[in-house]
Amino acid sequence: MSEQPSITRLDLFIDRMVSQRACLDDAIARTKGRTEPVFELGLGNGRTFHHMRERIRDRDIYVFERAVASHPDSTPAEELTVLGDVRETLPAALDRFPTGASLIHADLGGHSREKNDAFARMVSPLIEPLLAPGGLMVSSDRMYFTNLVEQPLPEGAVEGRCFTYLRI
Ligand code: SAM
């Protein structure tokens, strides 16, 4: 009898990328036609921002990032960049964006699962009031919301690698 091969870091990385794209594409389709803006929390290299900018033509995408270091092709315009620590910029966004966002994507984590989970617990109550009713929130980490409802994963996404939440 052959032994089950163990899951490698490469497997986990690929699962995360495939899931991120599947969840984003699903959320973009489900929020199509909405007028509220889109928020990208954590620009990094800008890959997910680039994907969203290519797929979302009907809404502005505001990027929340503490230090922009993205690929030149994937750098948001200055007026769409909210520079600073999300612990400060998210509460301030409540006044600036009274309608809330139709779609929020968060990929703020690093390599430590424990630290990512602690950060997700802390930042969840700051994100929750910014999502418009009927809006969707996509995250690479499990979030800890009071009123948002976790959604079934779309086809192609891997359990535990991406999460989608709906504000009813
Ligand atoms: N999704 C991106 C991509 O496809 O290239 C990768 C995002 S990267 C994993 C995480 C980003 O979140 C980093 O650029 C980091 O600077 C940012 N970040 C982490 N904590 C933050 C905080 N407290 N405030 C603002 N930005 C933060």
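**Exercise 1. Describe the shell around the ligand by residue class, and name the elements that contribute to it.**

Solution. By class, six charged, six polar and four nonpolar residues make up the shell around the ligand. The model in which this shell is found is a predicted one. In total, 16 residues surround the ligand, and the closest are Gly-42, Gly-44, Arg-47, Arg-66 and Asp-107. The elements that give two or more residues to this shell are the helices α2 (47-55) and α3 (86-96).

**Exercise 2. Establish the order of elements along the chain and the order of strands in the sheet.**

Solution. Begin with the inventory: the protein contains seven strands and four helices. Along the sequence these follow the pattern α-β-α-β-β-α-β-α-β-β-β. Next, place the strands in space. The seven strands form an open sheet with mixed pairing, in the order β3-β2-β1-β4-β5-β7-β6. The edges are held by β3 (81-83) and β6 (149-150); each has a single partner strand, so one side of each is left without a neighbour in the sheet. As background, strands of a sheet pair through backbone hydrogen bonds, in either a parallel or an antiparallel sense.

**Exercise 3. Trace the pairing from β1 through β4 and β5 to β7, giving the sense of each pair and the residues that stand opposite one another.**

Solution. Step 1: strand β1 (residues 38-41) pairs with β4 in the parallel sense over four bridges. Within this pair, Phe-39 stands opposite Ile-104 of β4.

Step 2: strand β4 (residues 101-106) is joined to β5 by five bridges, and the two run parallel. The register can be read residue by residue. Leu-103 has Leu-136 as its bridge partner in β5, Ile-104 has Met-137, and His-105 stands opposite Val-138.

Step 3: to pass from β4 to β5, the chain crosses through helix α4 (residues 113-127), and this β-α-β crossover is right-handed.

Step 4: β5 is joined to strand β7 (residues 163-166) by four bridges, and here the strands run antiparallel. Val-138 stands opposite Thr-164 in β7.

**Exercise 4. Decide whether β4 and β5 are largely enclosed or not, and give the reason.**

Solution. Apply the cut-off first: a residue is buried if 20 or more other C-beta atoms lie within 10 Å of its own. In β4, six of the six residues are buried, so this strand is largely enclosed by the rest of the structure. In β5 (residues 131-139), seven of the nine residues are buried, so β5 is likewise largely enclosed. For the protein as a whole, 35% of the 168 residues count as buried.

**Exercise 5. Characterise the surroundings of Phe-119.**

Solution. Phe-119 has its place in helix α4. There are 18 other C-beta atoms within 10 Å, and Phe-119 is therefore partly exposed. Leaving aside residues up to four places away in sequence, Phe-119 touches Leu-108 and Gly-109. Ser-70 lies 49 residues from Phe-119 in sequence, and the C-alpha to C-alpha distance between them is 22 Å.

**Exercise 6. Assess the overall dimensions of the protein against the expectation for a compact globule.**

Solution. For 168 residues, a compact globule would have a radius of gyration near 15 Å; the protein has 16 Å, which agrees. The C-alpha trace spans about 60 × 35 × 30 Å along its principal axes. Finally, consider the contacts with a separation of 6 or more: residues 24 or more positions apart account for 63% of them.

Methods. Residues are numbered from 1 along each chain as its sequence is written. This is a predicted model: local features need pLDDT of at least 70, side-chain atom pairs count only at pLDDT 80 or more; totals for chains, interfaces and linings use all residues. A residue is buried if 20 or more other C-beta atoms lie within 10 Å of its own, exposed if 12 or fewer, and partly exposed in between; C-beta atoms are placed from the backbone. Two strands pair if DSSP finds at least two bridges between them. A crossover is right-handed if, with the strands pointing away from the viewer, the path from the first strand over the helix to the second runs clockwise. The radius of gyration is taken over C-alpha atoms; the globule rule is 2.2 Å times the number of residues to the power 0.38. Two residues are in contact if their C-beta atoms, placed from the backbone, lie within 7 Å. A residue is near a molecule or strand if its C-beta atom, placed from the backbone, lies within 6 Å of it. Ala, Val, Leu, Ile, Met, Phe, Trp, Tyr, Cys and Pro count as nonpolar, Asp, Glu, Lys and Arg as charged, and the others, Gly among them, as polar.
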